[in-house]
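Grab a coffee and open your favourite viewer. Here is a short set of exercises, each with a worked solution.

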Amino acid sequence: MALSNPTLLSSCSVHRLNPLLFAQRRRSSKFRQFHFNRFTPRFFTVAASENGVFTSPEIAKTFDFTSEERIYNWWESQGYFKPNFDKGSDPFVISMPPPNVTGSLHMGHAMFVTLEDIMVRYNRMRGRPTLWLPGTDHAGIATQLVVEKLLTSEGIKRVELGRDEFTKRVWEWKKKYGGTITNQIRRLGASCDWTRERFTLDEQLSRAVIEAFVRLHEKGLIYQGSYMVNWSPNLQTAVSDLEVEYSEEPGTLYYIKYRVAGGSRSDYLTIATTRPETLFGDVAVAVNPEDERYRKYIGSQAIVPMTYGRHVPIISDKYVDKDFGTGVLKISPGHDHNDYLLARKLGLPILNVMNKDGTLNEVAGLFCGMDRFAARKKLWADLEETGLAAKKEPYTLRVPRSQRGGEIIEPLVSKQWFVTMEPLAEKALKAVEKGELTILPERFEKIYDHWLSNIKDWCISRQLWWGHRIPVWYIVGKDCEEDYIVAKSTEEALEKARKKYGQDVEIYQDPDVLDTWFSSALWPFSTLGWPDVLAEDFKRFYPTSVLETGHDILFFWVARMVMMGIEFTGTVPFSTVYLHGLIRDSQGRKMSKSLGNVIDPLDTITEFGTDALRFTISLGTAGQDLNLSTERLNSNKAFTNKLWNAGKFVLQNLPSQSDASAWEKLMAYKFDKEEYLLGLPLPECWVVSKLHMLVDTVTTSYDKFFFGDVGREIYDFFWSDFADWYIEASKARLYKSEGHSVASVAQAVLLYVFENILKMLHPFMPFVTEELWQALPNRKEALIISSWPLTSLPRHANSIKRFENLQSLTRAIRNTRAEYSVEPAKRISASIVANLEVIHYVSEEKEVLALLSRLDLQSVHFTDSPPEDVSQSVHLVAGEGLEAYLPLADMVDISAEVQRLSKRLSKMQTEYDALVARLSSPKFVEKAPEDVVRGVREKAAEAEEKLTLTKNRLAFLQSTVMVAD
């Protein structure tokens, strides 16, 4: 039976994986809506090939990407995503990093879903009960912003609605749009247990959050106080250090004169600042004690401009950089982190000049109520008018911006709730030191160690309405900082208050919510039932196995989970942390809407298929960024097609399912037994041996999390060894052989090797591999739950070496045919010269050699000495002890070839002489750009090499003509 796609098995694999740079490209078409059905899981398997879910390569020309939805729904309907304890008791557990409920799928999601699904599918096939627990994060700031924008479009303000009504609106939004991101994650093939899906504001998880707060407070690790925080004026909330992004932006450095009290008009200090509006909050002026210019002023008073003569002390401190600006520093501890620390060290007062909305307060006098940036402009104009403005100059600023809103963050002293981190960090550091926790790649252990060793207390309160309300109640009429109650419910808080303050006491709850990352830090165990340590899932699945996420949230999330896990459960929440890098565009740039280089994963899936996308982004190295391009996606789409066509070839050449005796013979082959392996013909023994070696290598790489290596190893084996070589060689059995036994062994090997390729590749490319698996005869179970190939199976090193000799001979003959432009259909004769041992095994595969090299089977001769007509043959050395002689007359019309080469030689000589002439010209060499001269030299060297080769070939042909005459 002829192969329907003859290009599948050509010797030239044009679609090899290659490190092409990524081209910028974006499809305009929108991803059509897929509907993932939430089937009620059944605990029996429906024969997939009989239920209309799958399509055979014998029917479909290519793999249809739209079938991915059907396949996914079928997997889920069978309950395959749930942990199965039938085959083992050691579970493999991953907690999915919860994407924001407001999110829409981007390449970062595609990366973590792909890598985690690879781990889960691999371990499921290894027989381990697997639990990949999905869920979403309530995303306090992001979600509140989204709903506030919707309300604004309706002409409604949040404060007009009130807290309860606003929260109700957010829940309504969540119900309507919150499932978008999870449906998109399904589209990537995520085999997670959706029956256990969690949301950080679920009742159970909220109970865990309150429990964690109460316990930390009882241990004295949570406290309230007024400290410097990062304040977002637009969002009206504090944000953590980790949620502030710094960018270099053009700005201005302002030089302002501060007069010295009691001095002459020439006694003043010039201070350089990038934020002149904060001068209303100055409490001191500082100079370096070793700075001779200002030593005489230390101990005096300076007059703060535009404050109606307010005096501040001139102090000395080594903290002041003599070389920055003028060497004089204004101390505004209410609006600068460093000034705040210095003020606390020196006991200076803290003066706040900013309202929560970014306007100046009454401390700013006439500037009260003005926006901070408008005040800056007006203040500078007034300083110029009064002669206190020295100068201003351009200056590159390091601007802190909110990761969520993008606005400039204002350092502000504010009363907040904090967690004391140092004692928690000590335990997390020891976990890595003791080997209880492994971070991959290892280089991130140093970063983890540095951050935890220098950790600051964590501000956990946020001035929002959406989130976990802080479980603190205050007493009406009492000081909030001194009189408050921490409780797990309003009822408990009221009961405690009545015991302490009497039955008539009135209480009210803290209006703030907890930082979203607080609930996320509990994710690995709160999702499994904690604080109920007797919960079935907690007992079975905690601690989890692996935490996989991006290296950019090592501190945001990973380190905090480790600290909280140890604190509340006594053990690390996972034993391994696997960190992936970012996905960048083809030029290595971060994807952003402003650059227009964002690649939409849903558009990508529509064009290239989920499998091609997954395979492409899985080939990176742990912790390193990956450049994505349409070239790589195209290459791996071709890989999907190659698999499909290989499956088509295998299926078309297997016996009919009704031929019971043929199938009985096929199934009798036991390739895991050494005696069976050694009894195979050379090509079959070679490919099965190579497969067994691959299984061992790939399994080791999977276990070491070397997923890029796994993908490349399987890819190379399938494309080169199996498709390019063995399938081609098998045609000699299937199409040419007289005996059915030889065809039978080829069929058995084709099926055995192909089904094992599908198994190893399934974690990477689940859809096409399952489709192909279901098309193969006698499938007793789905590929997703099939057993992983056995390791340490027999292989025959001598057969591998022998077939490699046969490959070398084939390549040499193919190259010579190409060199002499022999038509592909033309069969030529050959004399194979080798010692008796080599001749024995090569001659046994005479049909394979003739097929692969396009030789005339009747004119292939084997001998231990060169033929008589060596002078009229092309001599090839394929390897040590293996040579071939190809008669020229079989390949070309020698006289015509001599004429053609003579003309070509003349043209080449002219081109070479012209290049040499240019290089011989001193004018060209001296005046032309260096790269141009270098280019001409390289062309000349290349031309000389080609000229020599052509001369030698012409001389050889001419000598052949002379001998013939």
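The exercises below go through helix packing, salt bridges, cysteines, burial and backbone geometry, all on a predicted model.

**Exercise 1. Helix against helix**

Work out how helices α10 and α16 are oriented to each other, and which residues make the contact.

Solution.
- Start with the geometry. Two packed helices are described by the angle between their axes and the distance between the axes.
- Here α10 covers residues 422-433 and α16 covers residues 554-569; their axes come within 9 Å and cross at roughly 100 degrees.
- Angles from 65 to 115 degrees count as roughly perpendicular, so α10 and α16 are roughly perpendicular to each other.
- Now list the residues. α10 brings Leu424, Ala425, Lys427, Ala428 and Ala431, while α16 brings Val562, Met563, Ile566 and Glu567.
- Sort them by class: the contact has 7 nonpolar residues, 2 charged ones and no polar ones.

**Exercise 2. Three salt bridges**

Take the pairs Arg372 with Glu410, Glu492 with Lys496, and Arg589 with Asp585. For each, find the N to O distance and say how exposed the partners are.

Solution.
- Some background first: side chains of opposite charge can pair when their charged atoms come close. The count for this model comes to 43 salt bridges.
- Pair one: Arg372 and Glu410 meet at 2.9 Å, N to O. Arg372 sits in helix α9 (residues 372-386) and Glu410 in strand β14 (residues 410-419), so the bridge ties together parts that are 38 residues apart in sequence.
- Burial means under 20% relative accessible area. Arg372 has 5%, so Arg372 is buried; Glu410 has 4%, so Glu410 is buried too.
- Pair two: the closest N and O atoms of Glu492 and Lys496 are 3.3 Å apart. Both residues belong to helix α12 (residues 490-501), 4 residues apart, about one turn of the helix.
- An α-helix has 3.6 residues a turn, so residues three or four places apart point the same way.
- Glu492, at 26% relative accessibility, is partly exposed, and Lys496 is partly exposed at 37%.
- Pair three: Arg589 and Asp585 have their closest N and O atoms 2.8 Å apart. Arg589 is partly exposed at 26%, whereas Asp585 is buried at 3%.
- One more step: salt bridges that share partners join Arg275, Arg372, Glu407 and Glu410 into one network.

**Exercise 3. Cysteines**

How many disulfides does a search of the whole structure find, and are Cys368 and Cys459 buried or partly exposed?

Solution.
- A disulfide is a covalent bond between the sulfur atoms of two cysteines.
- The search of the whole structure turns up 0 disulfides.
- Cys368 has a relative accessible area of 41%, so Cys368 is partly exposed.
- Cys459 has 10%, so Cys459 counts as buried.

**Exercise 4. A helix on the inside**

Decide how enclosed helix α18 is, then place Asn636 relative to one of its residues.

Solution.
- Helix α18 covers residues 610-617, and 8 of its 8 residues are buried, so the rest of the structure largely encloses α18.
- The buried set includes charged residues: Asp611 and Arg614 are among them.
- Asn636 belongs to helix α19 (residues 630-652). At 0% relative accessibility, Asn636 counts as buried.
- Asn636 and Arg614 are 22 residues apart along the chain, with 9.4 Å between their C-alpha atoms.

**Exercise 5. Backbone oddities**

Find which peptide bonds before Pro441 and Pro543 are cis or trans, then look at phi for Gln236 and Met306.

Solution.
- The bond joining Leu440 and Pro441 is cis, with omega about -5 degrees. Pro441 falls in the loop between β15 (438-440) and α11 (443-453).
- From Tyr542 to Pro543 the bond is cis as well, with omega near 0 degrees. Pro543 falls in the loop between α15 (536-541) and β22 (544-550).
- Gln236 has phi near 60 degrees, a positive value in a residue other than glycine. Its place is the loop between β5 (222-232) and β6 (237-239), and Gln236 is partly exposed at 29%.
- Met306 likewise has positive phi, near 60 degrees. Met306 lies in the loop between β10 and β11 (311-316) and is partly exposed at 25%.

Definitions and conventions. Residues are numbered from 1 along each chain as its sequence is written. This is a predicted model: local features need pLDDT of at least 70, side-chain atom pairs count only at pLDDT 80 or more; totals for chains, interfaces and linings use all residues. Side-chain values use heavy atoms; hydrogens and water are left out. Axes are lines fitted to C-alpha atoms, for helices over the stretch in contact, and angles run from 0 to 180 degrees between N-to-C directions. Helices (H or I, at least four residues) and strands (E, at least two) are DSSP runs, numbered from the N terminus. Angles under 35 degrees count as roughly parallel, over 145 as roughly antiparallel, 65 to 115 as roughly perpendicular and the rest as oblique. Contact means heavy atoms within 4.5 Å. A salt bridge is a side-chain nitrogen of Lys or Arg within 4 Å of a carboxyl oxygen of Asp or Glu. Buried means under 20% relative accessible area, exposed over 50%, partly exposed in between (1.4 Å probe, protein chains only). A disulfide is a pair of cysteine sulfur atoms within 2.5 Å.
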